[in-house]
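Work through the exercises below with the structure open. Try each task before reading its solution.

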Amino acid sequence: MVKAGIIGGSGYTGGELIRILLHHSEVEIDFVFSTTRAGKAVSSAHPDLLGSTDLYFTGTVDSSTDVVFLCLGHGNSTKFLNENEFSEHTKIIDLSNDFRLLADATLKGREFIYGLPELYKSKIQKAQHIANPGCFATAIQLGLLPLAKAGILDKDVHVNAVTGSTGAGVSPSGTTHFSWRNNNASWYKPFTHQHLGEINESLKSLQENIGELFFLPNRGNFTRGILATAYTRFEGDETDALQLYKDFYAEAVFTQIAEEPIHLKQVVNTNQCHIHLHKHKDTLLITSAIDNLLKGASGQAVQNMNLIFRFEESTGLNLKAGVF
Ligand SMILES: NC(=O)c1ccc[n+]([C@@H]2O[C@H](COP(=O)([O-])OP(=O)(O)OC[C@H]3O[C@@H](n4cnc5c(N)ncnc54)[C@H](OP(=O)(O)O)[C@@H]3O)[C@@H](O)[C@H]2O)c1
């Protein structure tokens, strides 16, 4: 069995990793490190795990463990790795944005590979360290990669995406407070969201001259999931677009092309990304949907781990959507 350590275990992505790894046939959880809850039961932070695990949070790490997941806020992964050593053979999968851009991808001689399996599967299989993509970044890239691969993403792209409140982490804030968020809607960081950097880097790795990406993120009054709509000029008809996407994702385990319009709940609680295409006059509308904590974070992190250790890519990730 592969031994796994989780850092930042009391947060949302840490909790999701524990839930997935408890049921992973090839992995055992070695330790769950927490700065705030060392010595307390894991179920004290994640009460749904009462009866599923007797694990306790630790304040120390096993430096020779096989794989470590860093579930820390931006900047804290770098700080943690500067303060803690791991053995040469330990794989590190970081969920923050510390190492996602090529310019930031190396720390203390460790090189981080961008962990989007639909784009970099063979690189991931050989990687020692992974920079797991952002949640919005995953939904938007999966919606646009086939167009960039075909070299036809040269016109401006407009993206509107709505996320659930868990996207903002476990600590309550003004915009995740129930009284504010419930029955409400709002946008934030118009055209400047931090995920634009990684999205543009991936798309440009396939097509150098892409159009400008105008991205408007929205806060939804639900807890999980991202529904992203992108539209741009496309010269072919809907059948051409469908074929392009089906060909690009022919080998993808977790990205599906839906012929019917999609909605968010068909992917919530799963590691799936569902994509739908609709043509109107000269414009192609691409809708993509993911669970921000699974395909957008911890599920994709486990998918990357599966690829590195050459397990079946879907091991531990055959999850059931909530649907109703
Ligand atoms: N939420 C999402 O949908 C999502 C999606 C993709 C990527 N991400 C990224 O994944 C990372 C973790 O996200 P998350 O949603 O799990 O965040 P979170 O719920 O806020 O959890 C982060 C955890 O980090 C630990 N921590 C250690 N040092 C800390 C410090 N100085 N200040 C605050 N917390 C500290 C805390 O756990 P302990 O007290 O147990 O140490 C905290 O619970 C972030 O970089 C985030 O951007 C999140």
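**Exercise 1.** In which pocket does the ligand sit?

Solution. The model is a predicted one. Step one is to find the ligand, which sits in the largest pocket. Step two is to list its surroundings: 25 residues surround the ligand, and the closest are S10, S34, T35, T36 and L72.

**Exercise 2.** Sort the residues of the shell around the ligand into nonpolar, polar and charged.

Solution. The shell holds eight nonpolar residues, 17 polar ones and no charged ones.

**Exercise 3.** Find which domains and helices supply the shell.

Solution. Start with the domains: domain 1 (2–132 + 297–308) and domain 2 (135–290) each give at least three residues. Then take the helices: at least two residues come from α1 (12–21), and at least two from α9 (294–308).

**Exercise 4.** Find polar atoms of T36, L72 and V170 that lie within 3.5 Å of a ligand oxygen.

Solution. In T36, a side-chain N or O atom is 2.4 Å from a ligand oxygen. In L72, the atom is a backbone N or O, at 2.7 Å. In V170, a polar backbone atom is 2.8 Å from a ligand oxygen. Finally, consider cover: on its own the ligand has 880 Å² of accessible area, and the protein covers 78% of this.

Note on methods
Residues are numbered from 1 along each chain as its sequence is written. This is a predicted model: local features need pLDDT of at least 70, side-chain atom pairs count only at pLDDT 80 or more; totals for chains, interfaces and linings use all residues. Side-chain values use heavy atoms; hydrogens and water are left out. A residue is near a molecule or strand if one of its heavy atoms lies within 4 Å of it. A polar contact is a pair of N or O atoms within 3.5 Å; within protein, one must be able to donate a hydrogen and the other to accept it, and residues adjacent in sequence count only if both atoms are side-chain atoms. Accessible areas come from the Shrake-Rupley method with a 1.4 Å probe; for residues, only the protein chains shown count as cover. On a 1 Å grid over the protein atoms alone, a cavity is a set of points where a 1.4 Å probe fits but cannot get out, and a pocket is an open set with protein on both sides within 12 Å along at least five of seven lines; lining residues have an atom within 4 Å of a point. A molecule sits in a cavity or pocket if more than half of its atoms lie within 2 Å of its grid points. Helices (H or I, at least four residues) and strands (E, at least two) are DSSP runs, numbered from the N terminus. Ala, Val, Leu, Ile, Met, Phe, Trp, Tyr, Cys and Pro count as nonpolar, Asp, Glu, Lys and Arg as charged, and the others, Gly among them, as polar. Domain bounds come from an automatic or database domain assignment.
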